[in-house]
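Q: Hi, could we walk through this one together? I'd like to start with the overall layout and then get to the ligand.

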Amino acid sequence: MPVTAIVGVQWGDEGKGKIVDMLAQRMDIVARYQGGANAGHTVVVDGEKFVLHLIPSGILHRGVQCLIGAGVVLDPEAFLSEVEGLKGRGIPVEGALYVSGRAHLIMPYHKRLDRAAESSATGTKIGTTGRGIGPAYADKAARVGLRVADLFRPDYFRARVAQALESKNILFGHVYKEAASSVDEICAAYLGYAEQIRPYVADVGGMLRAAVAAGKRVLAEGAQGALLDIDHGTYPFVTSSAPCVGGALTGLGIPPKALTRVIGVLKAYSTRVGEGPFPTELDDGVGERLRAAGGEYGATTGRPRRCGWLDAVAGRYSVAVNGVDDLALTKLDVLDDFAEINVCVAYELDGKRLEDIPDDTEPLERVKPVYETLPGWKCSTAGVDKYLDLPSAARRYIDRVEELVRAKVSIVSTGESRAATIIRK
Ligand code: IMP
């Protein structure tokens, strides 16, 4: 069965990195389809921690080819430093890692614009990661972006940078009161990266289509989560790409029928980083306990994540939007010490009960969660690797989550190591 997609079904940070790493051992190819260095996928192997931002989490398995698709926005500096970091730790990347020439480049002025917009007194603060994601996708859509393949056409590259800076420098000077960006400096740096990146550039779409035709096993790796999707998330508090499963098709250039399975990754409670509605957010000691027990600090920015109970209304929506076949429920052990666990089963808005997430963001900001309280298990599930070894209250929690979000939980993660995983038949 050729392509399995992994999607986050919350606001990102569901623990996709570990699930991708685990499934990668049975794959020929792992391909990242959207986003950029805003992601932070944490994988722990033999007690050693790896945080991957751009490179697919399959890279830690020998013999698995890792591809970065056209839908990704590539920061060459971040990419090369990640490559060097992996090599320095003895992970082979040459011959195992390829980037699409069609992927757009994050330029220095994208990062500057992202940060300037976020710190501006006017406008909507999104709480971005400051990695230039929004401005890079905006330039792509406006057809003024630069792509990886353009690094190898220096004259064209320089002309496009100069063209882009005509308008960006007006913004820097007049709106943000900052210094202009220099064409020469950018070209010197980026054309310098070109030769280092060249060995990794390939026709990734073509490779994937050939792999699918040959019946190879491909894992499409999403970053962020469904509720951060530019179309189906809580706009404008979203990222600028398509983390939902449709993004796997457009971002990789594979036909829809190649996709045979969708695995949604759902954390046993909720977190969100940045601004935007979060109905089950806990601004109290319980939220603090979740943050401390779950180590809920951004893998990319170090920011403390907002924490709350599992939102099954949002989960049900994401399962439906993505056609999730199976769920991987992660970080179950973080709930070990709670005597009672709440799950949001519906919302209340203006005195009315809502079973479904509102289609607009403004009412979502005003909804109140309706909770069902389940008994906790008050014992350690850390490292449990057999379903029947879980306490009955934990199994009951999983059963209820399945009913509420309408998908089967086939994988349960009980810790960061590869071994701390339950696979249900
Ligand atoms: P951007 O993707 O940096 O533009 O940020 C847009 C929104 O997506 C912000 O709320 C970020 O906190 C959020 N975001 C981006 N990447 C991630 C991620 O990998 N995990 C969780 N949230 C993310």
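Q: Which domains does the domain assignment give for the chain?
A: Happy to help, and keep in mind that this is a predicted model. The assignment gives domain 1 as 3-100 + 203-261, domain 2 as 104-196 and domain 3 as 264-423.

Q: How far apart are the C-alpha centres of domain 1 and domain 3?
A: They lie 23 Å apart. In the contact between them, domain 1 takes part with 38 residues and domain 3 with 43 residues.

Q: And what area is buried between domain 1 and domain 3?
A: About 3,100 Å², with carbon and sulfur atoms giving 57% of that.

Q: What about the polar side: how many residue pairs are in polar contact between domain 1 and domain 3?
A: The count is 24 residue pairs, taking those with both residues at pLDDT 80 or more. Three salt bridges are also found across the interface of domain 1 and domain 3.

Q: Nice. Which side chain does Arg261 meet in a salt bridge?
A: That of Asp326, with an N to O distance of 3.0 Å.

Q: Switching to the ligand: how many residues surround it?
A: There are 16, and the closest are Asp13, Asn38, Thr129, Thr239 and Val273. By class, the shell has seven nonpolar, seven polar and two charged residues.

Q: Where does a polar side-chain atom of Thr129 lie relative to the ligand?
A: It is 2.6 Å from an oxygen atom of the ligand. Thr239 also has a polar side-chain atom 2.6 Å from a ligand oxygen. On the nitrogen side, an N or O atom in the Gln224 side chain is 3.2 Å from a nitrogen atom of the ligand.

Q: Then how much of the ligand's accessible area does the protein cover?
A: The protein covers 96% of the 470 Å² that the ligand has on its own.

Definitions and conventions: Residues numbered from 1 in each chain as written. Predicted model: local features only at pLDDT ≥ 70, side-chain atom pairs only at ≥ 80, totals over all residues. Heavy atoms only, no water. Near = heavy atom within 4 Å. Polar contact = N/O pair within 3.5 Å; in protein donor to acceptor, adjacent residues only side chain to side chain. Areas by Shrake-Rupley, 256 points an atom, 1.4 Å probe, with all protein chains shown as cover. Nonpolar A, V, L, I, M, F, W, Y, C, P; charged D, E, K, R; others polar. Domains from an automatic or database assignment. Contact = heavy atoms within 4.5 Å. Buried area = accessible area lost by both parts, 1.4 Å probe. Salt bridge = Lys/Arg side-chain N within 4 Å of Asp/Glu carboxyl O.
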